[in-house]
Amino acid sequence: MPDTGVRAARTTVAVRRRTRFELHPGAWWLWSLGLGTAATRTTNPLLLALLVAVAGHVVAVHRSSAPWARSYTAFAKLAVAVLLIRLAFTAVLGSPVPGTHVLFTLPEIPLPAWAQGIRLGGPVSAEALLFSGYNGLKLAALLVCVGAANALAGPAKLLKSLPGALYEAGVAVVVALTFAPHLIADVQRLRAARRLRGRPDRGLRGLFQVGLPVLEGALERSVALAAAMDARGYGRTAEVPAPVRRTTTALTLGGLLGVCAGTYGLLTAEGGVYGMPVLLAGALAALAGLRLGGRRSPRTRYRPAPWGVRAWLVAGSGGAVAALLALASVRAPGALHPGVVPLAAPTLPLWPAAAVLLGLLPVLVVPQDRKEPS
């Protein structure tokens with residue numbers, strides 16, 4: 001009995017300690033989405049490389065040892081592959097950007113008259129490759145930011161914090177987002193097992209012999225997930241009065257329309273006056289509708305993640321990076337979108353670079369969860 005009491009006390013202390021160090025998963029996702037939004041506002045390779053470095057440093061400091069945290073490496077490799085594919089397509093299919101600095105010439109395949117405007121092969125200029133590389137690097141940075149969100153806060157943890165009205169949609173999104181981490185974990189496990197047995201795990205033969213067990217595991221996991229969702233009452237709703245349902249629908253739809261109209265106003269010169277008020281009013285109406293809609297899905301949360309000062313600082317740092325880069329793209333478009341004709345080396349604008357460094361705030365405000373020796 002004393003041993004049982006000691007174990008219970010240790011478990012309680014461990015839970016409290018983990019809760020103290022744990023950050024709300026929504027804060028990590030808002031931070032990552034803020035960096036991703038900032039990446040879409042520029043094609044400057046120096047700023048994009050700085051964004052990737054900031055995301056990578058935060059992941060290196062705060063990534064846990066959970067299996068889904070390993071997905072960051074896979075997203076980074078996917079980002080490199082996307083960049084290389086973009087450059088390869090530009091070299092083979094050409095680019096609309098005129099260039100005078102020809103690097104090399106590929107054998108050109110003549111095409112019929114109906115394919116005018118399309119070419120296969122031919123001269124490849126430095127301007128075309130540079131323009132394609134800038135845009136490919138922007139997409140690669142966005143993928144790295146999404147990978148950082150997956151590595152820092154698993155989508156399954158985010159699902160527990162969603163409003164009740166978004167539970168069904170959240171489950172579908174989480175299932176889609178967790179496909180890549182589970183697939184990567186299965187491939188690593190099977191390759192390690194084949195190496196221990198002295199069997200090949202690389203090449204075409206290893207790919208075929210690993211792929212079938214991976215597909216079988218994915219099918220078994222989907223069946224188990226369906227059974228678990230059914231056992232937990234997925235899709236079942238509570239009885240809500242008709243006036244509450246109509247009010248919820250009106251607030252949600254009206255709020256979403258207001259968000260769309262406000263966003264359109266912010267993106268146009270004519271709607272700069274009404275854009276922000278309409279956006280805020282629409283966001284408040286949508287949040288009120290989600291709050292009322294949560295009554296249809298009565299659920300309890302076991303050990304909910306706290307949203308405290310650290311969560312506000314982390315989410316706010318990502319939002320600040322996105323807002324400042326959006327402002328910089330309007331005030332100094334030339335610095336954030338360097339030209340390629342004529343060829344010129346990109347420069348690093350100082351205050352947008354300082355704005356990107358605000359993304360390092362989680363390293364300072366979120367303590368590291370150091371495991372104590374048992």
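In the predicted model, the buried residues of helix α4 are Ser71, Tyr72, Phe75, Ala79, Thr90 and Ala91. The helix itself spans residues 71-93, a run of 23 residues. From the first C-alpha to the last, α4 reaches 32 Å, close to the 33 Å expected at 1.5 Å a residue. Glycine 94 follows the helix, and its phi is positive, near 85°.

Two of the buried positions of α4 were examined individually, beginning with phenylalanine 75, which lies in this helix. Its relative accessible area is 15%; because the cut-off for a buried residue is under 20%, phenylalanine 75 counts as buried. When neighbours within four places in sequence are left aside, phenylalanine 75 is in contact with Leu143, Val146, Gly147 and Asn150. For one of these partners, valine 146, the C-alpha atom is separated from that of phenylalanine 75 by 7.9 Å, although the two residues are 71 residues apart along the chain.

Another of the contact partners of phenylalanine 75 is Asn150, a residue placed in helix α5, which comprises residues 126-152. Asparagine 150 is likewise buried, with a relative accessible area of 2%. A polar atom of the asparagine 150 side chain lies 2.9 Å from the backbone oxygen of valine 146. Valine 146 and asparagine 150 are thus linked to each other by this polar approach, and both are touched by phenylalanine 75.

The second position of α4 to be considered is threonine 90, also found in this helix. Threonine 90 has a relative accessible area of 9% and is therefore buried. The side chain of threonine 90 reaches the backbone oxygen of arginine 86 at a distance of 2.9 Å. Not counting residues up to four places away in sequence, threonine 90 touches Ser95, Ala128, Leu129 and Ser132.

A separate helix pair is formed by α2, residues 25-39, and α12, residues 309-331. These helices pack at an angle of about 10°, and their axes are 8 Å apart. Because angles under 35 degrees count as roughly parallel, α2 is described as roughly parallel to α12. On the α2 side, the contact is made by Ala27, Trp28, Leu30, Trp31, Gly34, Leu35, Thr37 and Ala38. The residues contributed by α12 are Ala311, Val314, Ala315, Ser317, Gly318, Val321, Ala322 and Leu325. By residue class, the contact of α2 with α12 divides into 12 nonpolar residues, four polar residues and no charged residues.

Glycine 26 is also found in helix α2. With a relative accessible area of 11%, glycine 26 is buried. Its C-alpha atom is 9.8 Å from that of valine 314, and the two residues are 288 residues apart in sequence. Valine 314 is itself among the α12 residues that make the contact with α2.

At the level of the whole protein, the model contains 15 helices and two strands. Of the 374 residues in the protein, 33% are buried. Among contacts between residues at least 6 apart in sequence, 77% join residues at least 24 apart.

Key:
Residues numbered from 1 in each chain as written. Predicted model: local features only at pLDDT ≥ 70, side-chain atom pairs only at ≥ 80, totals over all residues. Heavy atoms only, no water. Helix = DSSP H or I, 4+ residues; strand = E, 2+ residues; numbered from the N terminus. Expected span 1.5 Å × (residues − 1). Buried < 20%, exposed > 50% of the residue type's maximum accessible area, 1.4 Å probe, protein only. Axes fitted to C-alpha atoms, helices over the stretch in contact; angles between N-to-C directions. Parallel < 35°, antiparallel > 145°, perpendicular 65-115°, else oblique. Contact = heavy atoms within 4.5 Å. Nonpolar A, V, L, I, M, F, W, Y, C, P; charged D, E, K, R; others polar. Polar contact = N/O pair within 3.5 Å; in protein donor to acceptor, adjacent residues only side chain to side chain.
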